[in-house]
Amino acid sequence: MTKEGFTTTNIHSDRKDKPEHGVLHKPIHTSVAYNYEDSRHLAEVFQGKRSGYNYGRQLNPTVTALQERVNKMEQGLATVAFATGMAAIASSVFSLLKAGDHIVSSTFLFGNTNSLFGSFQRLGIEITFVDATDVANVEHALQDNTRLVFVETVANPVTQITDLEPIGALCKKHKLIYCVDNTMTTPYLFVPKTIGASLVVNSLTKYIGGHGNALGGSITDTGLYDWSSFPNIYDTYKKGDPRLWGITQIKKKGLRDFGATLGPEAAHHLAVGSETLPLRMEKACSNALQLAQFCSNSSKISKVYYPGLPSHPQHERAKKMFKNFGAIFSIDLNDDVNCFDFLNRLNCVVCSSNLGDVRTLAIPVAHTIYYEMGAERRASMGIADSMIRFSIGIEDTEDLLNDFQQALT
Ligand SMILES: *Cc1c(COP(=O)(O)O)cnc(C)c1O
């Protein structure tokens, strides 16, 4: 049989698992607990000797079906879903690291991940923030106690692109966990396993769900990292195939102990949303390129940040690595244009946080999502007070272009 494409595999995956009554969608299973006719079987499930469900905090069939979809998209070994993208990141770092360990992280980081890493610093995990668009900065920051390197594919809101492939080689050489947040690109545009990622984060809330109607996150173990040489695996999880030790520990600590569990209703919304990911991505990327080009010709805009423009510092890297340039871009308005007035004049573009929705969203970043970070850190990340970030949706291109045009005049 020839290998199916991305979309075919995804939209037929529930049916191929033969759910009850021949339904096409995996049903929303709401039961928290599970019953076994032979009580020995329940005991074996608890002891990890038999696969099966024991309690909804750790596993649910609707969530399992979503995990399987994401895992196929990421070409992973195993995927675990969480209540949110932040729960996925928090659970992984919390499960795998301990006080005295060191993380090298990109400094161009989603705001809440930045805040989370601040909390880990207070718990005794050392973190060095570097400009990860150049592998040399990551290499320079490595220490004897470095365990993990954390990057995002395309950073938000300035759209810097990480030096993905060389950092993968560096992590392999030093046996470091390479954790790549793929939220901005999604597995449709880029599969981090291909550049040596050990763990892949996706906020399912964003493009994979795609409609801004459910929260969720996931961690995929690509199978590339050798957990048998990792010092922080608990003895109880050093059983069976060593390739599964890391994800098992993340699941036990993150779901069972931490309780960061995704609910079945949200899992259903996210799974259905994911079925149109490629169609939505293509349209949103095409809209983003045309709008970014329009903005770069506007006299009211001093700067446009979009990897699809040849002027972008990592344009060539994006072209080589990704199937398309993504649907996020930011602008700096001229001093004589008030960012709030501009936003209020937009009609079809919605002023809102979130990204990856089918609707085009815009937000004044310094005044909202990056407000708490303070002026100094914002400046170090290249975020100007007049910056507006757009998450471009799938509206008709002409309508978006007209809306930008009228709001700028
Ligand atoms: C939104 C986002 C997250 C967090 O996801 P939630 O589902 O909102 O918790 C993490 N990383 C990136 C890059 C994001 O854009």
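1. Let's start at the ligand. One of its oxygen atoms has a polar side-chain atom of S203 at 2.9 Å. A polar side-chain atom of K206 also lies 2.8 Å from an oxygen atom of the ligand, and a polar backbone atom of G85 is 2.8 Å from a ligand oxygen too. Taken on its own, the ligand has 380 Å² of accessible area, and the protein covers 93% of that. Bear in mind while reading these distances that this is a predicted model.

2. Who else is around the ligand? The surrounding residues are T84, G85, M86, I89, F110, D181, T183, M184, S203, T205, K206 and G216. Helix α5, residues 85–96, gives the most to this shell, with 3 residues. Two names on that list come back below: D181, which is part of strand β5, and I89, which touches F150.

3. Is strand β5 buried or exposed? Its 5 residues, 177–181, are all buried, so the strand is largely enclosed by the rest of the structure. The cover is on both faces: I177, C179 and D181 are buried on one side, and Y178 and V180 are buried on the other.

4. Now for the strands beside β5. Strand β4 (residues 146–152) runs parallel to β5, and 5 bridges join the two. Within that pairing, F150 has C179 as its bridge partner. To get from β4 to β5 the chain passes through helix α8 (residues 164–174), and this β-α-β crossover is right-handed. Strand β6, residues 199–203, also pairs with β5 in the parallel sense, here over 3 bridges. C179 turns up again in this pairing, with L199 of β6 as its bridge partner. S203, from the ligand contacts in point 1, falls within the residue range of β6.

5. F150 deserves a point of its own. This residue sits in strand β4 and has 0% relative accessibility, so it counts as buried. What does F150 contact, leaving aside its neighbours within four places in sequence? The list is I89, I103, V104, S105, S106, L109, T113, F117, C179, D181 and V201. I89 and D181 are also among the residues around the ligand. For a sense of scale, F150 and K16 are 134 residues apart in sequence, and their C-alpha atoms are 35 Å apart in space.

6. Next, the open sheet. It has 5 strands in the order β8-β9-β12-β11-β10, and the pairing is mixed. The edges are β8 (301–305) and β10 (350–351); each has a single partner strand, so one side of each is left without a neighbour in the sheet.

7. What does β12 look like inside that sheet? Its 5 residues are all buried, so it is largely enclosed by the rest of the structure. M387, R389 and S391 point one way, while I388 and F390 point the other way, and all are buried. Yes, that includes an arginine: R389 is one of the buried residues.

8. The pairings of β12 are worth checking in the viewer. Strand β9 (residues 328–333) pairs with β12 (residues 387–391) in the antiparallel sense over 5 bridges. Here D332 has M387 as its bridge partner, and F329 has F390. Strand β11, residues 361–364, is joined to β12 by 4 bridges and also runs antiparallel to it. In that pairing, L361 stands opposite S391.

9. Over to the helices, beginning with α11 (residues 264–274). Its buried residues are P264, A266, A267, L270, A271, G273 and S274. What do they pack against? The partners are α1 (6–11), α4 (61–73) and α12 (277–296).

10. Helix α4 also holds Q67. With 10% relative accessibility, under the 20% cut-off, Q67 counts as buried. A polar atom of its side chain lies 3.5 Å from the backbone oxygen of T79. Setting aside neighbours within four places in sequence, Q67 is in contact with T79, V80 and A81.

11. Last, a small local detail at α3 (residues 39–46). At the start of this helix, a side-chain oxygen of D38 comes to within 2.8 Å of the backbone nitrogen of R40. Just after α3, G48 takes a positive phi of about 75 degrees.

Technical notes:
Residues are numbered from 1 along each chain as its sequence is written. This is a predicted model: local features need pLDDT of at least 70, side-chain atom pairs count only at pLDDT 80 or more; totals for chains, interfaces and linings use all residues. Side-chain values use heavy atoms; hydrogens and water are left out. Buried means under 20% relative accessible area, exposed over 50%, partly exposed in between (1.4 Å probe, protein chains only). Two strands pair if DSSP finds at least two bridges between them. A crossover is right-handed if, with the strands pointing away from the viewer, the path from the first strand over the helix to the second runs clockwise. Contact means heavy atoms within 4.5 Å. A residue is near a molecule or strand if one of its heavy atoms lies within 4 Å of it. A polar contact is a pair of N or O atoms within 3.5 Å; within protein, one must be able to donate a hydrogen and the other to accept it, and residues adjacent in sequence count only if both atoms are side-chain atoms. Accessible areas come from the Shrake-Rupley method with a 1.4 Å probe; for residues, only the protein chains shown count as cover.
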